[in-house]
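This report covers a sheet and the nonpolar cores of one protein chain. The structure is shown below.

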Amino acid sequence: VYKYNSCFMPSEMVACIAAEAISILESMHSKGYVHGDVKPENFLLGQPGTPQEKKLFLVDLGLATKWKDPATQQHVDYDQRPDAFRGTVRYASAHAHLGRTASRRDDLESLAYTLVFLHRGRLPWQGYQGDNKSFLVCKRKMSTSPDILCGLCPQPFKLFLETVVNMKFDEEPNYSKLISLFDVLIGPNPSIRPINTDGAQKVCVRVGQKRSRLINDDDDSNARKKIRLGVPATQWISVYNSRSPMKQRYHYNVADNRLAPHVEKGNEDGLLISSISSCVDLWAIIMDAGTGFTDQVYELSPHFLHKDWIMEQWEKNFYISSVAGANIGSSLVVMSKGTPYTQQSYKVSDSFPFKWINKKWKEGFYVTSMATSGSRWAIVMSRNAGFTDQVVELDFLYPSEGVHRRWDNGYRITAMAATMDQSALILSMPRRRPRDETQETLRTSQFPSAHVKDKWAKNLYLAGICYGRTVA
């Protein structure tokens, strides 16, 4: 379309490309497919000297996937596989980086980055190298607001980006409204248009495709919660489950030397540790009378999980029931008797180890606890955990939309942890469905002591807590 590597493209020209590109995507989406790799290189003008020389074409459909089931005409199911990236790192949507099932919003987000690149000549996340390039680019994308990214662009660019990055997974785009955003730049005079709008919805395939999959086939939504707009924050994430009335106690901002007295007093009152977490190298402990454990031991170690001590307790039929890590590298590991577990395995990794988790799932293990220390992750997986299925929701912000979709399908949060960059929630399908499936989450700047007491009055009890990245 343009020699975009060497200079900026005028805003009116980019606006014309935007309008036609949106029309092309609308046509493709109407056939039930998403492109999956929208970027400048995949928009071409027809061959010079032919009637198509001013027509816009979208090419290279090798990564195209279905967003609509052709048999049922229903939207495909939501899923997330954090190891499954498809697209081009520079222009991919944040959801693509995170391994979420592709939908119409992803093509439009990629188009937004394409338009900004064509107008400005560069995107803020260019230049990253190495094996963690996708991680760093996604982190930068999600921390760069539309105001900042489009600061040197006309207002329609910002409005377009704001709209598409906050679309829900199965939301139908209002294509005509998106196109109309650019009318102010294009103007009423068609002679200024650098490309002809006739035939703009034609889609063609580049000859000699490098990828395997070739493809063959919607009023404005109501005001909604903005998914990716807000103030990034570090907060407590707490989870509450409906339970029969029971005694529960919590302690927070607990220094190392105060840990033993709190645990001993709880044990004297018939309480055992059900959940632990760490904030700024201080501990949070949840103890209650409903754990079902028959005995319990714990170790505060200067290492992020002390392998020798854990293996020693395994020999005594204790299994890890809770784990937490501090930023300084120390960890608190709680091991209990009376769990249903028959075997355990754990992994400490510098990044979230989804590939290892996926491998262990196939061997009959399920994630039963998680922790972080700085940017490091510790994942504990157990056999006979009482689940029939399990999924991961991993994000650079609290994955609100994904959690609600999983809840709607019967999953419940059973483990969570967060670094200063990412939060990860494990959601499981219990083998035995509880009578009351109520589960709630809160995000609070301070430990939610007042909220906990309110929840107790409704027979909702703390089931897990962690401290890390979210959005206020």
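The text takes the sheet first and the cores after it. The model is predicted.

**Sheet**

β12, β14 and β13 form an open sheet in that order, with antiparallel pairing. The edge positions are held by β12 (343-349) and β13 (365-373); each has a single partner strand, so one side of each lacks a neighbour in the sheet. From one strand to the next, the twist averages 15 degrees. Eight bridges join β13 to β14 (residues 376-383), and the two run antiparallel. Within this pairing, Ser369 stands opposite Val380 of β14. Helix α11 (residues 354-362) lies across β12, β13 and β14, at about 5 degrees to β14.

**Nonpolar cores**

In soluble globular proteins, nonpolar side chains tend to be buried together. Here the largest nonpolar core has 49 residues, and Leu111, Phe160 and Phe182 have the most contacts inside it. The elements that each give two or more residues to this core are listed in the table.

| Element | Residues |
|---|---|
| α1 | 11-30 |
| β3 | 56-58 |
| α3 | 104-120 |
| α6 | 155-165 |
| α7 | 175-180 |
| α8 | 183-186 |

α1 supplies the largest share of the core, twelve residues. Leaving aside residues up to four places away in sequence, Leu111 touches Ala21, Ile22, Leu25, Val38, Phe43 and Phe160. A second core of 22 residues is separate from this one; Tyr366, Met381, Ala415 and Ala424 are among its members.

Terms used: Residues numbered from 1 in each chain as written. Predicted model: local features only at pLDDT ≥ 70, side-chain atom pairs only at ≥ 80, totals over all residues. Heavy atoms only, no water. Pairing = 2+ DSSP bridges. Helix = DSSP H or I, 4+ residues; strand = E, 2+ residues; numbered from the N terminus. Axes fitted to C-alpha atoms, helices over the stretch in contact; angles between N-to-C directions. Contact = heavy atoms within 4.5 Å. Core = buried A, V, L, I, M, F, W, Y, C linked by side-chain atoms within 4.5 Å. Buried < 20%, exposed > 50% of the residue type's maximum accessible area, 1.4 Å probe, protein only.
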